[in-house]
Amino acid sequence: MKKQLMLINNSKYYSLFILLFFVGFFCAQNSANGRIVDAKTNKEITGVDVFINENNKPALTTTSGNFIVQSDSIIYKLKFLRKNYALETVNVTAESASSIFVKLSQEKESNIEEVVIHNEKPKYKNKKENPAYAIMQKVWERKRNNGLDKFDTYTYKEYEKIQFDANNLDSAFMKKKIFNKLEFIFDYKDSTATGKIGLPIFLNEAVYENYGENKPSKRSKRLLVAQKTSGFQDNQIITLTAKNLYRDINIYDNTLNYFDIGFPSPVGETGFSTYEYNLLDTVSVRGENAYKIRYQPKRTEVLAFQGYLYIDTDSYAVLGATLKSTQKINVNFINSISTELEYDNPDENTFLPRKFVTEIEMTPFSKKKTSKSIIAKRSVDYSEYQFNKPLEEKIFVRREEEYDDKFVDKDDSYWVKARPDSLSKSEQGIYEMLNKLQQTPKFNRIIKLYETLGSGYYNVKKLGIDIGPIFSIYGKNEVEGDRIRLGARTYFTRNDPWRVQFYTAYGFKDHQVKYGAEGRFMFNRVNRFTVGAGTRRDVLQLGVQLTNDDGIMARTFASSTIFARGENASLSSVNQTNVFTSIEPWKNFQIRLDGTMQSIKSANPEGFNLMYYKDGNLRKTTNDSHFTLSLIARPGAKFSQTGIDRYEHGTLAPTIVLKYTRGIEGLFGSDFNYNKLQFLFYKPVLLGSWGKTLVNFEAGKNFDTVPLALQNIIPGNQSYSLAANTFAQLNYYEFVADTYTTLHLEHHFNGKILSYIPLIKKLKLREVAFIRGAYGTLSDASKAINVEGFKYSAPSEHIYFEYGFGIENIGFGNLRIFRVDFNWRGNYLDRPDISKFGVKAGFQVGF
């Protein structure tokens with residue numbers, strides 16, 4: 001179960017990587033561009049000196065009528081100077097940075113005053129002398145909370161628009177063979193002042209109705225009432241990729257979550273440890289007087305923002321803010337991030353979100369501003385707030401119709417009224433263009449390739465079948481040798497209420513055919529009441545998970561291990577049949593009951609002994625029948641789709657699992673009565689600018705004596721690959737325990753330490769530190785039941801521990817998906833055939 005949950009949490013990144021790779025086949029307020037003309041003749045002017053902000057040296061002297069300038073810091077002002085022309089000053093915003101139009105007026109030389117451009121930053125002996133610090137202190141003293149928490153009830157409307165544009169295209173790119181018969185898409189392009197081309201390629205609109213109650217009980221509901229997607233209604237992978245880019249943020253928090261990475265907030269109480277602040281002016285924001293404060297990071301190598309804060313002069317409330325990443329942002333696939341926030345402040349203690357706009361520039365490889373990229377823009381408008389209005393009980397009750405595809409289908413007249421602003425001409429063109437593309441066979445083949453790489457399955461639409469997963473076709477282990485695995489599943493739509501899937505595998509060393517099959521049916525989309533049954537006969541690597549599940553179709557660890565540390569003969573031959581039912585009586589809380597019948601024996605009797613004593617008789621096969629009750633909580637998790645399978649959005653939601661297993665002797669020939677209790681807790685935790693910690697804690701107990709095949713094995717990892725929540729320096733079956741506790745702590749610093757080291761910091765590597773521990777006991781009876789029980793022991797003398805560090809973000813440009821770990825074994829060093837030090841490596845696809 002733990003391994004499957006890990007794969008679910010990581011799968012959200014695979015789609016992003018595939019999308020960026022595909023687009024690669026196909027800048028922001030740190031840069032600005034535009035055109036310069038004579039105010040009288042409208043003819044382009046050359047030889048113009050362009051100054052950035054308060055710099056006294058020109059960043060560029062133009063050689064044509066067009067210009068483009070770049071800076072390591074935010075560009076908020078440009079000055080244009082040419083002999084015989086008057087000085088022209090232009091304020092630069094995020095919206096205007098890419099389309100600045102400058103008219104220079106001719107002026108007699110005798111009338112031109114001396115031009116003095118300063119590059120002076122206010123210097124203070126300490127931060128208390130900085131007037132911006134005094135203002136920010138007032139903000140912290142009067143730190144506001146989201147106003148939704150102060151009312152008994154609330155409702156509001158939310159309109160979300162997500163758009164993807166292909167950026168930095170040119171005429172040479174448009175002539176590539178891939179666009180043969182697709183040339184009409186460039187009829188919808190937008191040209192910029194630099195001559196580059198932007199092409200809209202995706203648009204998703206959604207309307208939500210939000211309901212909340214704080215008294216007498218705290219509960220909320222976010223209901224999707226309308227959704228419209230440009231040509232990709234049936235491609236959930238693309239829509240999921242778009243929505244997975246964004247997280248909800250609160251500017252008053254100390255840490256802002258982008259891509260599940262922590263960025264220090266400029267309004268947080270720890271802001272002055274990261275940022276420099278400069279009070280610029282007093283301006284009017286929606287009729288309110290506000291301090292305009294510019295902030296930027298003290299060190300550009302850290303994950304931080306730059307931009308402006310607009311603070312109310314009377315109440316010290318945040319009226320608005322702009323957040324822009326630096327050019328040295330160290331996030332995979334990301335060139336830049338910018339966010340604009342607007343807040344309403346109904347009273348002195350609270351705020352209400354008004355509008356959020358986030359723009360992300362993504363490229364698969366290079367971080368150069370001229371690289372072809374994707375601009376992903378999300379805007380959210382919050383409106384129609386109502387407070388303390390009685391809410392009917394049925395509002396919070398999940399209803400069947402809410403999960404029907406047609407529930408969100410709305411006609412064009414609805415969208416005209418629902419949008420806060422009408423669509424631009426280019427946005428309207430996306431719907432028309434994608435509708436045309438849907439009729440183009442070549443485009444559909446390209447989309448088919450993307451879907452296959454993103455999902456791992458090749459869909460035969462006419463038959464309603466997915467063939468795959470393609471990434472599980474080949475494996476290798478000592479018993480089977482080279483292993484081939486082929487499978488398929490039913491797939492008619494993304495919201496299928498039932499699914500049948502199977503696989504067959506063949507080992508070229510043992511010449512044995514393996515197989516597995518499972519069917520599942522969901523009766524109710526609201527509480528997800530589901531039943532299923534399956535069976536398999538396969539070679540498995542048991543003992544690599546503690547809190548596992550009885551799922552038939554999970555890929556086995558054995559077929560994943562191609563390169564191993566030392567010989568691995570400890571594989572088991574398993575015949576297993578499982579039936580289950582599950583239900584979600586409350587959102588993100590699942591109750592599951594499994595009934596399992598299985599027989600387990602060694603797949604390699606010469607090298608791995610699973611024989612045991614039963615009633616004085618020696619047996620080689622363990623027959624087991626058991627029931628398992630699982631309680632699984634995922635508070636805060638977000639899912640897409642309403643069918644039997646769902647895709648999970650990226651969140652920091654914890655996973656909490658409590659399992660009770662009851663073995664019943666005599667049931668279908670079962671050999672043992674036993675009781676087992678297990679607990680798992682997993683949680684990613686953001687620690688401000690210091691990065692993210694992954695916490696995984698497990699505990700369990702077998703209350704009865706069982707043979708090795710049913711015992712708790714402290715998970716080892718004899719492969720050279722990364723395997724989450726295993727012990728890198730343990731051999732398989734080295735520690736066996738009736739009672740156990742394990743703790744894995746892994747902290748990702750996001751390059752904070754290495755960014756201080758000259759030369760090394762240019763590589764943009766990130767550091768990881770980890771420590772793992774396990775403690776357990778094994779009774780004499782549990783040792784005695786096994787023929788070779790003398791070999792097995794638990795980490796009862798001392799807590800077994802490992803420690804080490806890793807280097808991640810290895811690669812080039814924006815493609816940095818390789819990680820290397822260096823592991824040390826902390827104790828139990830006198831054992832034979834152990835490894836005191838080891839190196840693990842693998843791909844880690846993520847931001």
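Which residue in β3 is the bridge partner of V50? It is L60, and you can find the pair in the first close-up below. Keep in mind throughout that this is a predicted model.

**Figure 1. Four strands line up in an open sheet.**
Read across the sheet and the order is β3-β2-β5-β6, with antiparallel pairing. Strand β2 covers residues 49–52, and two bridges join it to β3. One place to look is V50, which has L60 of β3 as its bridge partner. Now check the edges: β3 (60–61) and β6 (88–91) each have a single partner strand, so one side of each is left without a neighbour in the sheet. If you're wondering what holds such neighbours together, strands of a sheet pair through backbone hydrogen bonds, either parallel or antiparallel.

**Figure 2. Strands β28, β29 and β30 pair up through many bridges.**
Start with β28 (residues 529–540) and β29 (residues 572–586), which run antiparallel and share 11 bridges. Here D538 sits opposite V574 of β29. Move on to β30 (residues 589–602), and you'll find 13 bridges tying it to β29, again in the antiparallel sense. In that pairing, I583 has I591 in β30 as its bridge partner. β29 and β30 make a hairpin with two residues between them. Look in the turn for N588, whose phi is positive, at about 65°.

**Figure 3. E158 and R222 reach across the chain to form a salt bridge.**
The closest N and O atoms of this pair are 2.9 Å apart. The two residues come from distant parts of the chain: E158 belongs to strand β9 (residues 153–169) and R222 to strand β12 (residues 219–229), with 64 residues separating them. Are their surroundings alike? What we can say is that E158 counts as buried because its relative accessibility is 4%, while R222, at 41%, counts as partly exposed.

**Figure 4. Strand β11 brings us to G212 and, beside it in sequence, E213.**G212 lies in strand β11 (residues 197–213). With a relative accessible area of 0%, G212 is buried. Its C-alpha is 6.4 Å from that of T155, although the two residues are 57 apart in sequence. E213 forms a salt bridge with R219, and their closest N and O atoms are 3.0 Å apart. E213 counts as buried because its relative accessibility is 8%, whereas R219, at 26%, counts as partly exposed.

**Figure 5. D466 and R489 form a buried salt bridge.**
The closest N and O atoms in this pair are 3.0 Å apart. The bridge links distant parts of the chain: D466 is in strand β23 (residues 465–467) and R489 is in strand β25 (residues 481–490), 23 residues away. Both D466 and R489 are buried. There are also salt bridges that join up into a network, which links E480, R483, D510, K514 and D538. You've already met D538, which stands opposite V574 in β29. Over the whole structure, a search finds 35 salt bridges.

**Figure 6. Four acidic residues gather in a negative patch on the surface.**
The members of this patch are E400, D404, D405 and D409. To find D404, go to the loop between β21 (373–387) and α5 (412–418). D404 counts as partly exposed because its relative accessibility is 40%.

**Figure 7. Seven side chains make a nonpolar patch on the surface.**
The patch has an area of about 600 Å², and the residues that make it are L593, F627, L629, L658, Y660, L677 and F703. Two strands, β33 (622–633) and β36 (655–663), each supply at least two of its residues. F703 sits in the loop between β38 (692–702) and β39 (712–713). With a relative accessible area of 47%, F703 is partly exposed.

**Figure 8. Zoom out for the whole protein.**
Once you've toured the close-ups, here's the bigger picture: eight helices and 45 strands make up the secondary structure. The protein has 847 residues, and 53% of them count as buried. About 38800 Å² is exposed, with carbon and sulfur atoms supplying 54% of that area.

How values were computed
Residues numbered from 1 in each chain as written. Predicted model: local features only at pLDDT ≥ 70, side-chain atom pairs only at ≥ 80, totals over all residues. Heavy atoms only, no water. Pairing = 2+ DSSP bridges. Patch = residues over 30% accessible without salt bridge, like charges linked within 9 Å, V, L, I, M, F, W, Y side chains within 5 Å. Areas by Shrake-Rupley, 256 points an atom, 1.4 Å probe, with all protein chains shown as cover. Lys, Arg positive; Asp, Glu negative; His and termini not counted. Charge placed at Lys NZ, Arg CZ, Asp CG, Glu CD. Buried < 20%, exposed > 50% of the residue type's maximum accessible area, 1.4 Å probe, protein only.
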